[in-house]
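Open the model in your viewer and keep the selection tool at hand. The tour below goes from stop to stop and says what to select at each one.

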Amino acid sequence: MEKNLNLNLKVWRQKNASDKGKFEEYKVNNISTDMSFLEMFDVLNDKLVTEDKDPIAFDHDCREGICGSCSMFINGQPHGPKQGVTTCQLHMRSFNDGDTIVVEPWRASPFPVIKDLVVDRSAFDRIISAGGFISVNTGNAQDANAIPIPKENADEAFAAAACIGCGACVAACKNASAMLFVSAKVSQFALLPQGQPERHQRVSEMVAQMDLEGFGACTNTGACSAECPKGISLTHIARMNRDYLAASLSSNEK
Amino acid sequence: MTSKLDSKIPEGNLEQKWTKYRSTVPLVNPANKRSLEIIIVGSGLAGASAAASLAELGYKVKVFCFQDSARRAHSIAAQGGINAAKNYQNDGDSTYRLFYDTIKGGDYRAREANVYRLAEVSANIIDQSVASGVPFAREYGGLLSNRSFGGTQVQRTFYAAGQTGQQLLLGAYSGLQRQVGTGNVKMYARHEMLEVVTIDGKCRGIIARDLTNGKLERHFGHAVLLCSGGYGNVFFLSTNAMGSNVTAAWKAHKKGAMFANPCFTQIHPTCIPVSGDHQSKLTLMSESLRNDGRIWVPAKKEDAQALREGRIMPNDIKEEDRDYYLERRYPAFGNLVPRDVASRAAKERCDAGYGVNKTGEAVFLDFAANTLRYGKIEANKKGIQNPSQEQIESLGKAVVKEKYGNLFDMYEQITGVNPYEQPMMIYPAVHYTMGGLWVDYNLMTNIPGLYALGEANFSDHGANRLGASALMQGLADGYFVIPYTIGAYLSKEIMTKAISTDHEAFVEAEKNVQDTINRLLSIKGSKTVDYYHKKLGLIIWNQCGMARNEAGLKQAISDVQALREEFWSNVKVPGDANSLNPELEKAGRVADFLELGELMCKDALERKESCGGHFREEYQTEEGEALRDDENYKYVAAWEYFAGNKWELHKEDLIYDNIKIAQRSYK
Ligand SMILES: Cc1cc2nc3c(=O)[nH]c(=O)nc-3n(C[C@H](O)[C@H](O)[C@H](O)COP(=O)(O)OP(=O)(O)OC[C@H]3O[C@@H](n4cnc5c(N)ncnc54)[C@H](O)[C@@H]3O)c2cc1C
Ligand code: SF4
Ligand code: FES
């Protein structure tokens, strides 16, 4: 049943990339448990604007858990306390009256803060540009049913492809590693026949770009997968590691 | 037909128009392509596929989007599927049938030639997507799986669970990023296009604002492609992403591009009902659910009353006391009637007092019957003799979960109710806009060099779009149409050198943008942008939504005008123009919606007939179905803008040579 909550918020405010930034406290009252976390922020921002204060900047768009825009670090967890959901899908039902909620941006040096809770995740796009694709020009394709793909492989490729590129995995990792994100893409294509011709080159180039962007090393703590809103599995990291090894061996042979 | 509208439909038989045209359209040689620059606004299915394809051909491409990455365009949220006339199911599908269904579904208000081309290239889209690694759902034999969607009797919809848009967009996005990597595409994320630049009547570029620091930028292009999506957010509450807006198309409109059929908007029948004032958007429950969900309300008003007051639960209502009103009214299509029909039928029941939630604006979508049916099939497959009811239910639930798991989870997330246990509650919500910039067969607007693709144009869906056809259209436009048709224009532009952005047209366009921004920031009124957006949304929803009438539309026009005036004197936009300022971005978009809203009502008022999503209460059959007037309204209404929110109507007559135009029946 719907209830109303009064909450204390501690929100990270930072004017721009060069500002040092600090926490500010806000009180919000009469928040319906039916609201989403971002709708609660809408209420707060509306109030701030009315009081001639600067509203809090945060990324969001679809509000359905699929675009990967929203990115709040809530009470020490990316996307908040509930497993398997993004910030926009987190509902106020998950909180209690009187709670204090701490909200921060993703914290990782390859994701510099632009303003308040908004960070720059363009490093992810550059990793995809480095190799996260199948090189097929428009018009080159053969009939879609020409290559049957075992349902299990197709399903697993789909599970990997469900990554929304939000960056929670990086934010969750103490090393700011991007392995889960990168391995999801590598895995998707590694599981499909279309992905085979470029399999080794792809993994090498994506990993090289990942390193160049300054993401940290993977020490297998598993925090990424535990916090991933799409449940991307650690098995993809294992598959990527195997592929990476195979790729380096075959390139040594040349 | 007015001379200003030349649809440039090629001569010849319907079946041969595209093939012939494609082989005769002028080409641009590879060396010349390298010096031709194309600006693409939007990175959704239409924009991303166009960008990848044009860059592969050798053009120099710039892509703009307002999100932080091209991958986050609104297309990502599409759920249910994409149509293609592959006939993999051997159930009688063909190019002609897809063409016919689309024209009929659109209530005979779309162009034959465009729709036929769409149906023709649909199969290539599936091939292209699979080749680029899109993991569509497959059968155990390894071949692609299909489902059916509203308004059709064949299974031609390809899907990837309830995330088809995501998978297709990521496919197109990877092609785009590949071209970014090679340097053929330059990507401008977190940029908003705010003006079109025209020189000597041709489109020559845009003004864009870097949203992170507020800087205005001038960009030259030999051609500009608007792939900026639909304008459903004029209603405030819609299933569109929060940032979806009309600004790019509207700026083009105000520079002379005609806006066609603005009143053709789609209200989707299966969305999660509104729960309170705090709501920022509505969530779609994919139409694919209508394959296995049966829609009903109580047959007795007292039961509906008791449900609304929480005295009984849906499952307390006996089978014989339920009214499966779609199955009752439309036995041939049942729960799979097109969206406009299903939406109006829900409204009709709720208006009559049979709504089932506390606001009285909800109906049930019930999976119980099909869960049991699947359970029995599974038990049979597994060789379980005399399975218990519990066994059947649990086997059935597993099948339902496999098909719709993510949608069921999403429903529970939002409502707090478990749809495996209780029927979903749904109500219609704004979803898609068939109207958009007028384009010819080449997808060019009436401004030479300015194109519109995807949901931003008006071209293929007439007065109502069939489910799973928007993704098809976006990718058709981007992958398979524009790469050919743009040659017709660019082949004549090879001598045009890049124009300096110091040209006075750029200076003036930039000044216009700057002036608007300054004006918005200087009002310093007392009401927030959202306050006006919500008010506008309510006016449009009530008077130009599922049902419209003359008095209401006239009222709405004057209400919108008054609201617009108030907005420009009392809106409060905080912050400055030189940093990330989401309130300022919203203000600019709402300002444009406040103009578009008026034009929508004008268009609806002008069209004195009912067709597709446009239902004028004055024009209906005795059974309450839409009553078209082909004699007088078989045209595309294209509106030309004049300063001070004045418009002139131009009509493009629609000619049906291949389809016998008839009253649409799904009975
Ligand atoms: C919830 C939902 C589910 C849907 N499910 C289906 C489905 O199952 N099947 C189906 O066929 N259709 C579906 N649709 C419809 C379909 O998703 C859309 O019609 C289609 O994706 C639109 O694609 P597009 O490329 O035209 O535009 P969009 O994907 O909306 O992209 C617009 C792009 O333009 C950019 N942009 C806009 N304005 C500006 C500006 N001023 N400056 C810079 N950039 C700008 C944006 O950043 C974005 O990149 C669904 C729609 C919704 C809302
Ligand atoms: S792997 Fe998970 S957490 Fe990381 S970007 Fe993808 S969806 Fe987000
Ligand atoms: S806003 Fe799109 S995932 Fe949260």
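Which residues in helix 12 of chain B are buried? Keep that question in mind while you load the coordinates, and note that this is a predicted model.

**Stop 1: helix 12 of chain B**

Select residues 389–415 of chain B, which form helix 12. The buried residues there are Ile392(B), Leu395(B), Gly396(B), Val399(B), Val400(B), Tyr404(B), Gly405(B), Leu407(B), Phe408(B), Met410(B), Tyr411(B) and Gln413(B). Now show what lies over them: the cover includes helix 11 (368–381) and strand 15 (424–433) of chain B.

Next, look at the shape of the helix. Its 27 residues would reach 39 Å in a straight helix at 1.5 Å a residue, but the end C-alpha atoms are only 28 Å apart. Centre the view on Tyr404(B), where helix 12 of chain B bends by about 90°. Tyr404(B) is also in the list of buried residues. Then step just past the end of the helix to Gly416(B), which has a positive phi of about 75°.

**Stop 2: helix 15 of chain B**

Select residues 529–544 of chain B for helix 15. How far does this helix reach from its first C-alpha to its last? The 16 residues span 22 Å, close to the 22 Å expected at 1.5 Å a residue.

Colour the buried residues of helix 15: Val529(B), Asp530(B), Tyr532(B), His533(B), Leu536(B), Gly537(B), Ile539(B), Ile540(B) and Cys544(B). Their cover comes from both chains, and includes helix 1 (37–50) of chain A as well as helix 16 (550–570) and helix 17 (582–606) of chain B.

Stay in helix 15 and pick out Ile539(B). Its relative accessible area is 14%, so Ile539(B) falls under the 20% limit and counts as buried. Leaving out neighbours within four places in sequence, Ile539(B) contacts Cys544(B), Ala556(B), Asp559(B), Val560(B) and Leu563(B). If you draw a distance from the C-alpha of Ile539(B) to that of Ile557(B), you get 9.1 Å, for two residues 18 apart along the chain.

**Stop 3: helix 4 of chain B**

Move to residues 95–105 of chain B, which are helix 4. The buried residues here are Leu98(B), Phe99(B), Asp101(B), Thr102(B), Ile103(B), Lys104(B) and Gly105(B). They pack against helix 1 (14–24), helix 5 and helix 13 (470–490) of chain B. Just after helix 4, select Asp107(B), where phi is positive at about 55°.

**Stop 4: Ser132(B)**

Select Ser132(B), in the loop between helix 5 (112–131) and strand 4 (157–158) of chain B. Is Ser132(B) buried or exposed? Ser132(B) is buried, with a relative accessible area of 6%. Show chain A as well: Ser132(B) touches Ile134(A), Val136(A) and Phe189(A), with residues up to four places away in sequence not counted. Within chain B, the C-alpha atoms of Ser132(B) and Leu170(B) are 9.5 Å apart, and the two residues are separated by 38 places along the chain.

**Stop 5: two loop residues with positive phi**

Asn261(B) is in the loop between strand 10 (259–260) and strand 11 (265–271) of chain B. Its phi is near 45°, a positive value in a residue other than glycine. Asn261(B) is buried, at 2% relative accessibility.

Switch to chain A and select Asp116(A), in the loop between strand 6 (113–115) and strand 7 (118–119). Asp116(A) is not a glycine, yet its phi is positive, at about 45°. With 2% relative accessibility, Asp116(A) counts as buried.

**Stop 6: chain A and ligand 2**

Show the whole of chain A, which has eight helices and seven strands. Its C-alpha atoms fill a box of roughly 65 × 40 × 35 Å along the principal axes. Of its 254 residues, 58% are buried.

Now select ligand 2. Which residues come nearest to ligand 2? Of the 13 residues around it, the nearest are Cys163(A), Cys166(A), Gly167(A), Cys169(A) and Cys228(A). Helix 4 (168–172) and helix 5 (179–190) of chain A each give two or more residues to this shell. By class, the shell has eleven nonpolar, two polar and no charged residues.

Finally, select the cysteines Cys62(A) and Cys88(A). Cys62(A) is buried at 3% relative accessible area, and Cys88(A) is buried at 5%. A search over all chains finds zero disulfides.

How values were computed: Residues numbered from 1 in each chain as written. Chains lettered and ligands numbered in written order. Predicted model: local features only at pLDDT ≥ 70, side-chain atom pairs only at ≥ 80, totals over all residues. Heavy atoms only, no water. Helix = DSSP H or I, 4+ residues; strand = E, 2+ residues; numbered from the N terminus. Expected span 1.5 Å × (residues − 1). Bend = angle between axes of the 7 residues up to and from the residue. Buried < 20%, exposed > 50% of the residue type's maximum accessible area, 1.4 Å probe, protein only. Contact = heavy atoms within 4.5 Å. Disulfide = S-S within 2.5 Å. Near = heavy atom within 4 Å. Nonpolar A, V, L, I, M, F, W, Y, C, P; charged D, E, K, R; others polar.
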